Amino acid sequence: MVEKHSAGQNIASYCTKCKLSLDHTIVAMDGEVIAKVRCSTCGSRHKFRDPAEALKVRVPRAKKGAGPEATAEIIWDSALATAKGKEHAYSMTSKYRVGDIIMHDRFGKGVVLKLYTNKCDMLFKDRERLMASAN
């Protein structure tokens, strides 16, 4: 049997201010559909939200351009495979060449991509980093 509601009755609804399913009073009806309710706890007025619908878990949208072909890990794997330099332990006072493999104590294994004055770009498994060097 379908329950008929009218203005002034109490009903359970999800309160958008309290962020809980609480007791509400029906304020306005649109035909046989509940339009507006007032929270008995905080007094706020809002649209009726069924408590069962409010508890649904929302799935975040996928980010644009987050395809597997553009991830840093895939680029790192290919750079590591084509690296032809020696493997070194990272030190800020060492000189490096493009293609050297660097073992960093915090970031792991990386590959030297570009050289600058006293700096170099190194690609690690998670992302590219600007590191200090003696170049």
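1. Contact here means heavy atoms within 4.5 Å of each other. With that in hand, a look at the helix: α2 (residues 72-82) lies across β6 (101-104), β7 (108-116) and β8. Its direction makes an angle of about 80 degrees with β7. Keep in mind that this is a predicted model.

2. The sheet under discussion there is an open one of 5 strands, ordered β5-β6-β7-β8-β9, and its pairing is mixed. At the edges sit β5 (87-89) and β9 (128-132), each of which pairs on one side only. On average, neighbouring strands in this sheet are turned by 40 degrees against each other, direction ignored.

3. A closer look at one pair: β8 (residues 119-124) and β9 are antiparallel, with 5 bridges between them. If you want a spot to click on, Cys-120 stands opposite Met-131 in β9.

4. Now the other sheet. Here 4 strands make an open sheet in the order β1-β2-β3-β4, with antiparallel pairing. The edge strands are β1 and β4 (45-47), and each pairs on one side only. Neighbours are turned by 50 degrees against each other on average, again ignoring direction.

5. The hairpin is worth a visit too. Strands β1 (residues 10-15) and β2 (residues 20-30) run antiparallel and are joined by 6 bridges. Between the two strands come 4 residues, and Lys-19 in the turn has a positive phi of about 60 degrees.

6. To check the register, start from β1: Ser-13 stands opposite Leu-22 in β2, and Tyr-14 has Ser-21 as its bridge partner in β2. As a reminder for viewing, side chains in a regular strand alternate between the two faces of the sheet.

Key:
Residues are numbered from 1 along each chain as its sequence is written. This is a predicted model: local features need pLDDT of at least 70, side-chain atom pairs count only at pLDDT 80 or more; totals for chains, interfaces and linings use all residues. Side-chain values use heavy atoms; hydrogens and water are left out. Two strands pair if DSSP finds at least two bridges between them. Axes are lines fitted to C-alpha atoms, for helices over the stretch in contact, and angles run from 0 to 180 degrees between N-to-C directions.
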